[in-house]
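Biologist: I am new to this structure and would like a close look at a single part of it, the place where the ligand sits. Please take me through the surroundings of the ligand with care, and then set them beside the other hollows of the protein.

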Amino acid sequence: MTDKLKSLLPENLNEPKSHAELMRHKSLTQKAFPHVRMRRLRRTDALRDMVRENSLSVNDLIYPLFVEEELDTPAPINSMPGVMRETEKSLEAKMKEVAKSGLKSVMLFGVSHHKDHTGSDSMNPNGLMARMIDRAKQAAPEVMVIADACFCEYTDHGHCGPINTMGDVDNDRTIENIAMQAVTAAEAGADMIAPSGMMDGQISAIRHALDVTGFTHIPIMAYAAKFASVFYGPFRDAAGCSLGQNDNVPTHRKSYQMDPANGREAIRDALLDEEEGADILMVKPGMPYLDVLSQLRQKSDLPLAAYQVSGEYAMIRFAAEAGALDYKEAMMESLTCFKRAGADLILTYSALDTAHWLENS
Ligand code: PBG
């Protein structure tokens, strides 16, 4: 065998004995050497950094916060490790911490002690919703405050609007009320309104109400494709808006939130919100609905948000507490995958932790 032929052979192969054997060997081994090697660009940190398609920034994150009235000290939420219900007072320190972390926005959820059939406290300029928005803005004016516009945290039956004679949420009364709620929130200083009730026509109603009251500059982030999901369970504990305490109302929200089985309908519903004047479209929950997010990315040029909901956060935290996953790694992977699927913005209860990780990375 010539040296030239020998040099064609990988070192670890047994040396063929004859020329014929060598040729056979060569043809076999040549097939085994891939021409395109995906691993070439995966070899070092520098290469991986160079070709990374998506990355996470503190600018992408929206931090949901719970604020409970008539509470003396911040209270932990058992189903969401690491998340607290803030008091109206402790919200101030929290907002300052948020500003320091570099986060640009929070979404506020009220835990009401003044519930009634319509959720009227949230339309009252002195009610919890208005007070917490005002307090948050006073504490950290540079942080955007997004108002979750919905009634379920303020109604005594836990639904997202008043109940009609058929025992269902009254769509058109709800959108009249939500227009008033949105204006109350804007007057209190909210920088953005995020209606989450899945009522038909709510985006038009809010846009109109904001426009005629001088809030033409306030954007609307629509919970555009919001599914009737079991993954909201921990949130409902946290916000005290579980259903089923009242016998006369449905124990689920399936007549307004979407069926998890429906993808085409989600796109249709989201595009309707775009037509009605939404500035940002949200898909919620996040992880089990990345296909919806990705399809919506193809259909709309609006900024898209994904909500990593309470149950998704809880799954990662409890798995980490049990030693099955690393909290930081699991969270960073999940959030990055939202970006890959098409999200520009992500709502996550890990926002403060993630802001610190990003700062130190
Ligand atoms: C209010 C609202 C809910 C969530 C956000 N806004 C509860 C619901 O629709 O039942 C869920 C958030 C979460 O689970 O993290 N309509």
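Modeller: Sorted by class, the shell around the ligand is made up of 10 nonpolar, three polar and six charged residues. The model is a predicted one, and what follows should be read with that in mind. The shell counts 19 residues, and those that come nearest to the ligand are Lys 226, Arg 236, Lys 284, Ser 310 and Tyr 349.

Some of the contacts can be followed down to single atoms. Tyr 349 places a polar side-chain atom 2.5 Å from an oxygen atom of the ligand, and Lys 226 likewise has a polar side-chain atom 2.6 Å from an oxygen atom of the ligand. With Ser 196 the partner is a nitrogen atom of the ligand, which lies 3.1 Å from a polar side-chain atom of that serine. Taken alone, the ligand would expose 400 Å², and the protein buries 100% of that area.

As for where this happens, the ligand sits in the largest cavity. Two elements give two or more residues each to the shell around the ligand, namely strand E7, which covers residues 221-226, and helix H8, which covers residues 233-239. Lys 226, already met through its polar side-chain atom 2.6 Å from a ligand oxygen, is thus the residue at which strand E7 ends.

The cavity itself can be described apart from the ligand. The structure holds one cavity of 30 Å³ or more, and about 160 Å³ of space lies in the largest cavity. Its lining consists of 19 residues, of which Cys 152, Lys 226, Tyr 232, Phe 235 and Lys 284 are the closest to its centre, while E7 and H8 are the elements that give two or more residues to that lining. By class, the lining of the largest cavity has 10 nonpolar, three polar and six charged residues. Lys 226 and Lys 284 therefore deserve a second look, and the wall can be followed a little further from Lys 284. The peptide bond from Lys 284 to Pro 285 is cis, with omega near -5°, and Pro 285 is found in the loop between strand E8, residues 280-284, and helix H10, residues 290-299. Most peptide bonds, by contrast, are trans.

Beyond the cavity there are pockets. About 390 Å³ of space lies in the second largest pocket, which is lined by 22 residues, with Met 198, Met 199, Asp 200, Tyr 256 and Asp 269 the closest to its centre. Strand E7, which also contributes to the shell around the ligand, supplies at least two residues of the lining of this second pocket, as do helix H7 (202-212) and helix H9 (264-275). The largest share, five residues, comes from H9, and the lining as a whole divides into nine nonpolar, five polar and eight charged residues.

The largest pocket holds about 460 Å³ of space. Its lining has 15 residues, and Arg 52, Asn 54, Met 332, Glu 333 and Thr 336 lie nearest its centre. Helix H12, residues 327-341, provides the largest share of this lining with seven residues, and by class the lining divides into four nonpolar, four polar and seven charged residues.

Methods: Residues numbered from 1 in each chain as written. Predicted model: local features only at pLDDT ≥ 70, side-chain atom pairs only at ≥ 80, totals over all residues. Heavy atoms only, no water. Near = heavy atom within 4 Å. Polar contact = N/O pair within 3.5 Å; in protein donor to acceptor, adjacent residues only side chain to side chain. Areas by Shrake-Rupley, 256 points an atom, 1.4 Å probe, with all protein chains shown as cover. 1 Å grid on protein atoms, 1.4 Å probe; cavity = no way out; pocket = protein on both sides within 12 Å on 5 of 7 lines; lining within 4 Å. Sits in = over half its atoms within 2 Å of the grid points. Helix = DSSP H or I, 4+ residues; strand = E, 2+ residues; numbered from the N terminus. Nonpolar A, V, L, I, M, F, W, Y, C, P; charged D, E, K, R; others polar. Points joined across faces, edges and corners; volume = space filled by probe spheres on them.
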